[in-house]
Structures are given as structure tokens and as C-alpha cells.
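Trainee: Could you take me through one part of this model closely? I would like to look at the aromatic rings and what lies around them, and then at the strands.

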Amino acid sequence: QVQLVESGGGLVQAGGSLKLSCTVSGRADTLYTTAWFRQAPGKEREFVATMRWRGSATYYEDSVKGRFTISGDDAWNTVYLQMDSLKPEDTAVYYCAGSKGSYYRYDYWGQGTQVTVSS
């Protein structure tokens, strides 16, 4: 099993930045990819960014390309999402996810952290 715990959410003005963290514990050696998703009020959860665990390949949803960066720390026990040039439409609960073998199906989820961008 893998446990994921997000932190770093908060309230920020449009144009500002936030850095989300996802602490990974348990059988992290079984992970294939980690990702960030988000869910805005009244909307379905949507993909934001993903990266190959302990690798370099990254993929982003089109609306965040050039503004958000997914990365892992040197010890590979934390996944980050650096969010710059934030927009009100980025307001959502952000979730960290982990997959055992796919970029498309995720097996582990964190509890989420709220990001609110004011205009």
C-alpha cells in the first residue's frame, strides 16, 4: 500500500504562486507514476499533471502548460506541484495520485488540499 498526503494549499491572488506537496509513504517502490488532479465545485475531477516515478517524463493538461511544474525531491518521497501565474479558474481541490502501472489509471489517492485563487 501507498499513502499520499497533500499540503500547501491556500488562498492566493490571481497572478500569484503556490507550491503543493505530496508526501509519499509505504510501498513507494511499487509506484509507476504520480500525478495531480483537481476538482472544482460542480465539476468532475480532471487531470492536471503526471510524472514517471523516479524518472523525468512529465505530461500536463493544456491549460496549465507553461504555468505548472510537477517534480519530485532527490529522495523521491515527496511530489511537488509548482503553480505560477494562477488564475481564478484554477480554484479547486487538488489531489495527489499514484499508479502501480499506468499513466491513465490511478490506484492511490490523497485527501486533497484546497486552492483558491481570488480575482
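Mentor: Happy to; what follows goes from the ring pairs to the charge over the rings, then to the open sheet and two loop residues.

Please keep in mind that this is a predicted model. The structure holds six aromatic pairs. Let us begin with Tyr32 and Tyr103, whose rings meet edge-to-face, with 5.7 Å from centre to centre and 75 degrees between the planes. Tyr32 belongs to the loop between S3 and strand S4 (33-39), while Tyr103 belongs to the loop between S9 and strand S10 (108-109), so this pair ties together parts that are 71 residues apart in sequence. What about their accessibility? Tyr32 counts as partly exposed, at 28% relative accessibility. Tyr103 is also partly exposed, with a relative accessible area of 21%. The cut-off for buried is under 20%, so a value of 21% falls in the partly exposed class.

A second pair to look at is Phe37 with Tyr106, again an edge-to-face arrangement: the centres are 5.3 Å apart and the planes make 75 degrees. Here strand S4 supplies Phe37 and the loop between S9 and S10 supplies Tyr106, so the pair ties together parts that are 69 residues apart in sequence. Are these two residues buried or exposed? Both Phe37 and Tyr106 are buried.

Now widen the view a little. Phe37 and Tyr106 are members of a cluster linked by ring pairs, together with Phe47 and Trp109. Trp109 also has a charge over its face: Arg45 lies there, at 3.8 Å from the ring centre. Arg45 lies over the face of Tyr95 as well, at 5.6 Å from that ring centre. If you display Arg45 with these two rings, you can follow the path from Tyr95 to Trp109 and on into the cluster with Phe37, Phe47 and Tyr106.

Next, the strands. Four of them make an open sheet in the order S1-S3-S8-S7, with antiparallel pairing. S1 and strand S7 (68-72) are the edge strands, each pairing on one side only. From one strand to the next, the twist averages 15 degrees. Strands of a sheet pair through backbone hydrogen bonds, either parallel or antiparallel.

Which residues face each other across S1 and S3? Strand S1 (residues 2-7) and strand S3 (residues 18-26) pair in the antiparallel sense over six bridges. Among the bridge partners, Gln3 is matched with Ser25 in S3, and Ser7 with Ser21 in S3. S3 is also joined to strand S8 (residues 78-83) by six bridges, and these two run antiparallel. In that pairing, Cys22 has Val79 of S8 as its bridge partner.

Finally, have a look at two backbone angles. Ser85, in the loop between S8 and strand S9 (92-99), has a positive phi, near 50 degrees, in a residue other than glycine. Ser85 is partly exposed, with a relative accessible area of 40%. Arg54 is not a glycine either, and has a positive phi of about 60 degrees. You will find Arg54 in the loop between strand S5 (46-52) and strand S6 (58-60).

Terms used:
Residues numbered from 1 in each chain as written. Predicted model: local features only at pLDDT ≥ 70, side-chain atom pairs only at ≥ 80, totals over all residues. Heavy atoms only, no water. Pairing = 2+ DSSP bridges. Helix = DSSP H or I, 4+ residues; strand = E, 2+ residues; numbered from the N terminus. Buried < 20%, exposed > 50% of the residue type's maximum accessible area, 1.4 Å probe, protein only. Phe/Tyr/Trp six-rings, centres within 6.5 Å; stacked < 30°, edge-to-face > 60°. Lys NZ or Arg CZ within 6 Å of the ring centre and 35° of its normal. Axes fitted to C-alpha atoms, helices over the stretch in contact; angles between N-to-C directions.
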